[in-house]
Amino acid sequence: MGGPSILPQVKICGLTRVYQARACAALTPDAIGLVFYPGSPRHVSDDQARAISNAVHERVRVIGVFVNADYDTIMKKIAHCHLTGVQLHGAEPPELVSRLARRGVTVIKALFVGGTPSLADARGFPAAGFLVECAKGPLPGGNALAWNWRAAREFGRAYPLILAGGLSPDNIDTAVSDALPVAVDVSSGVEQAPGEKSIEKVRAFMDAVIRIRTTGSVQLQGSRVF
């Protein structure tokens, strides 16, 4: 957290296999995400998560994604799975974020355009960053649906914005230009099937982000969130 950064940062979320995690980590994203929500097709067991984390932790940060989990559950998984941060993707109260932050946990809180919690609720959460996406689809998360990313732009002037929802190698340049996030989060946009990452798509996504960084065509401000 803090200090100089090459922006936007990248998190590849929803990994389920060690060999794919290793291949993704070799492409130098800033973080990967492991989903602990049982209703997700990308859900991983504690042992799966631990194996993935152990395989990549020297290269990238490992963020656990939770939906309405309690404090004790989260802390146990942080310890067992060697997580370096958490993403709270449900209706978690500000008190839970505060309690985790007091323990030194990096907390990302998800907010939703057109849903709850909304962007207006950000002030109550002492989070390191806010993942913003639209509230469409049957599952917590972006549900592979693109949306009006520009709707998050003003929010990003006040808070560390992590853009998610419908991102892919083909549209990431437009999404970053529209929203000016300090980080982006991609899952289904780099998959060949739910939980099965296409390394070629991940490579294409990272290449597109590197072009954004290299050309300086988008001026971003902010600190690292992963």
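## Strand β2 and its neighbour

In this predicted model, Lys11 has Ala31 of β2 as its bridge partner. A further bridge places Ile12 opposite Ile32 in β2. Three bridges in total join strand β1, residues 9–13, to strand β2, residues 31–35, and the two run parallel.

Five of the five residues of β2 are buried, so the strand is largely enclosed by the rest of the structure. The burial involves both faces of β2: Ala31, Gly33 and Val35 lie on one side, Ile32 and Leu34 on the other, and all are buried. Leu34 touches residues beyond its sequence neighbours, leaving aside those up to four places away: Leu15, Val44, Ala49, Ile52, Val62, Ile63, Gly64, Val65 and Leu83.

## The barrel

β1 and β2 belong to a barrel closed by eight strands in the order β1-β2-β3-β4-β5-β6-β7-β8, with parallel pairing. From one strand to the next, the twist averages 25°. Strands of a sheet pair through backbone hydrogen bonds, and the arrangement can be parallel or antiparallel.

Elsewhere in the barrel, β4 and β5 run parallel and are joined by three bridges. One of the residues bridged to β5 is Leu88, whose partner there is Lys109. Six of the seven residues of β5 are buried, so β5 is largely enclosed by the rest of the structure.

## Helix α4

Helix α4 spans residues 94–102, and its residues Leu96, Val97 and Leu100 are buried. These three lie on the same side of α4 because they cover an arc of only 100° around the axis. In general, an α-helix has 3.6 residues a turn, so residues three or four places apart point the same way. Glu95 and Arg102 are exposed, and they sit on the face of α4 turned away from its buried side.

What do the buried residues of α4 pack against? Their contacts are with α3 (71–81), β4 (85–88) and β5 (107–113). After α4 comes Gly104, which has a positive phi near 85°.

## The nonpolar core

The largest nonpolar core contains 73 residues, and Leu34 and Leu100 are those with the most contacts inside it. Helix α7, residues 199–215, gives the most to this core, contributing six residues. Of the two residues with the most contacts inside the core, Leu34 lies on one covered face of β2, and Leu100 is one of the buried residues of α4.

## Aromatic pairs

A search of the whole structure finds four aromatic pairs. Among them is the stacked pair of Phe36 and Phe66, with 5.0 Å centre to centre and 10° between the planes. Phe36 is in the loop between β2 and α2 (46–56), while Phe66 is in strand β3 (residues 61–66), so the pair ties together parts that are 30 residues apart in sequence. Both Phe36 and Phe66 are buried.

Phe130 and Phe155 form an edge-to-face pair, with 5.8 Å centre to centre and 85° between the planes. Since Phe130 lies in strand β6 (residues 129–134) and Phe155 in helix α5 (residues 153–158), this pair ties together parts that are 25 residues apart in sequence. Phe130 is buried, with a relative accessible area of 1%. Phe155 has 8% relative accessibility and also counts as buried, because the cut-off for buried is under 20%. One aromatic cluster is formed by Phe130, Phe155 and Tyr159.

## Ile162 in β7

Is Ile162 buried or exposed? At 0% relative accessibility, Ile162 counts as buried. Ile162 lies in strand β7, residues 161–164.

Leaving aside residues up to four places away in sequence, Ile162 touches Ile108, Gly129, Phe130, Leu131, Val132, Ala183, Val184, Asp185, Val225 and Phe226. Among these contacts is Phe130, the β6 residue that pairs edge-to-face with Phe155. Between Ile162 and Gly104 there are 20 Å in space, C-alpha to C-alpha, and the two are 58 residues apart in sequence. Gly104 is the residue with positive phi that follows α4.

Technical notes:
Residues numbered from 1 in each chain as written. Predicted model: local features only at pLDDT ≥ 70, side-chain atom pairs only at ≥ 80, totals over all residues. Heavy atoms only, no water. Pairing = 2+ DSSP bridges. Helix = DSSP H or I, 4+ residues; strand = E, 2+ residues; numbered from the N terminus. Axes fitted to C-alpha atoms, helices over the stretch in contact; angles between N-to-C directions. Buried < 20%, exposed > 50% of the residue type's maximum accessible area, 1.4 Å probe, protein only. Arc of directions from axis to C-beta. Contact = heavy atoms within 4.5 Å. Core = buried A, V, L, I, M, F, W, Y, C linked by side-chain atoms within 4.5 Å. Phe/Tyr/Trp six-rings, centres within 6.5 Å; stacked < 30°, edge-to-face > 60°.
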